[in-house]
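Hi,

Here is the structure I said I'd pass along. Have a look at it first, and then read on for my notes.

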Amino acid sequence: MELGRLEYLQALVTEFQVTDSPEAKEQVLANLANFAYDPKNYEYLRQLQVLDLFLDMLTEDNETLVEFAIGGLCNLCLDKTNKEYILEANGVEPIINCLSSPNEETVVSAVTTLMFLTTPQSRHQTTALPVVECMLRFSLSANKRLSNLATLFLEDYCSPPQVEEARNLSKHTAVGIPLPKD
């Protein structure tokens with residue numbers, strides 16, 4: 001007997017919750033992140049509280065879980081309801097924290113997610129000064145993927161005065177968010 005979409009997603013969530021195996025958790029979270037790509041699954045994923053699961057995983061020590069969680073959020077946040085949920089759940093701060101990950105995929109997904117979450121109401125969070133400073137550093141990266149994305153963020157989501165303020169602050173400090181490893 002074939003499981004329906006909701007039942008299958010429920011089985012994945014249950015497996016994630018009951019397994020003790022880090023590898024199994026990673027595999028299940030990767031599957032959930034992939035299912036988050038399809039708008040047909042959005043309502044089911046909300047119903048199963050997968051957005052909360054992804055948000056909770058952003059603070060894990062396991063970099064692979066963080067990578068799949070931010071990837072899942074990135075897939076989900078183009079939907080207006082999901083975007084509002086993430087913003088109301090104070091999801092911006094843990095997403096910003098992902099910018100300091102050594103994992104390139106995590107950082108790229110975090111930058112993209114911040115772009116998708118930017119609204120007139122959330123702009124003050126998604127383009128806060130530390131984020132703009134970080135994007136300036138990323139825009140200088142030898143990693144073209146990261147530098148192009150950061151440049152796009154600075155040009156399309158930040159005001160010229162924000163960028164200038166961050167540039168001036170960056171001149172006076174050597175401390176910053178490290179670049180991800182290639």
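Below is what turned up, starting with the domains and ending with a few single residues.

One thing up front: this is a predicted model, so please read everything here in that light.

**The two domains**

The domain assignment splits the protein chain into domain 1, residues 2-118, and domain 2, residues 128-174. Eleven residues from domain 1 and eleven residues from domain 2 make up the contact. If you want a feel for the spacing, the C-alpha centres of the two domains are 26 Å apart.

How much area is buried between domain 1 and domain 2? The figure comes out at about 1000 Å², and carbon and sulfur atoms give 76% of that. As background, accessible area lost when the parts come together is often used to give the size of an interface.

There is some polar chemistry across the interface too. Two salt bridges are found between domain 1 and domain 2, along with three residue pairs in polar contact. On the domain 1 side, the element that gives the most to the surface touching domain 2 is helix α8 (residues 104-117), with eight residues. Sorted by class, that side of domain 1 has seven nonpolar, two polar and two charged residues.

A salt bridge to pull up on screen is the one between glutamate 105 and arginine 145, where the closest N and O atoms are 2.7 Å apart.

**Two residues with positive phi**

Most residues other than glycine have a negative phi, so the next two caught my eye. Glutamine 49 has a positive phi of about 60 degrees, although it is not a glycine. You'll find glutamine 49 in the loop between α3 (42-47) and α4 (50-57). Is the residue buried or exposed? Glutamine 49 is exposed, because its relative accessible area is 53% and the cut-off for exposed is over 50%.

Asparagine 90 is the other one: its phi is positive as well, near 60 degrees. Asparagine 90 sits in the loop between α6 (80-88) and α7 (92-97), and with a relative accessible area of 57% it counts as exposed.

**A buried asparagine**

Last, take a look at asparagine 82, in helix α6. Asparagine 82 has 0% relative accessibility, so it counts as buried. What does asparagine 82 touch, leaving out residues up to four places away in sequence? The list is Tyr42, Arg46, Leu51, Leu76 and Cys77.

Shout if you'd like to go through any of this together.

Cheers

Technical notes. Residues numbered from 1 in each chain as written. Predicted model: local features only at pLDDT ≥ 70, side-chain atom pairs only at ≥ 80, totals over all residues. Heavy atoms only, no water. Domains from an automatic or database assignment. Contact = heavy atoms within 4.5 Å. Buried area = accessible area lost by both parts, 1.4 Å probe. Salt bridge = Lys/Arg side-chain N within 4 Å of Asp/Glu carboxyl O. Polar contact = N/O pair within 3.5 Å; in protein donor to acceptor, adjacent residues only side chain to side chain. Helix = DSSP H or I, 4+ residues; strand = E, 2+ residues; numbered from the N terminus. Nonpolar A, V, L, I, M, F, W, Y, C, P; charged D, E, K, R; others polar. Buried < 20%, exposed > 50% of the residue type's maximum accessible area, 1.4 Å probe, protein only.
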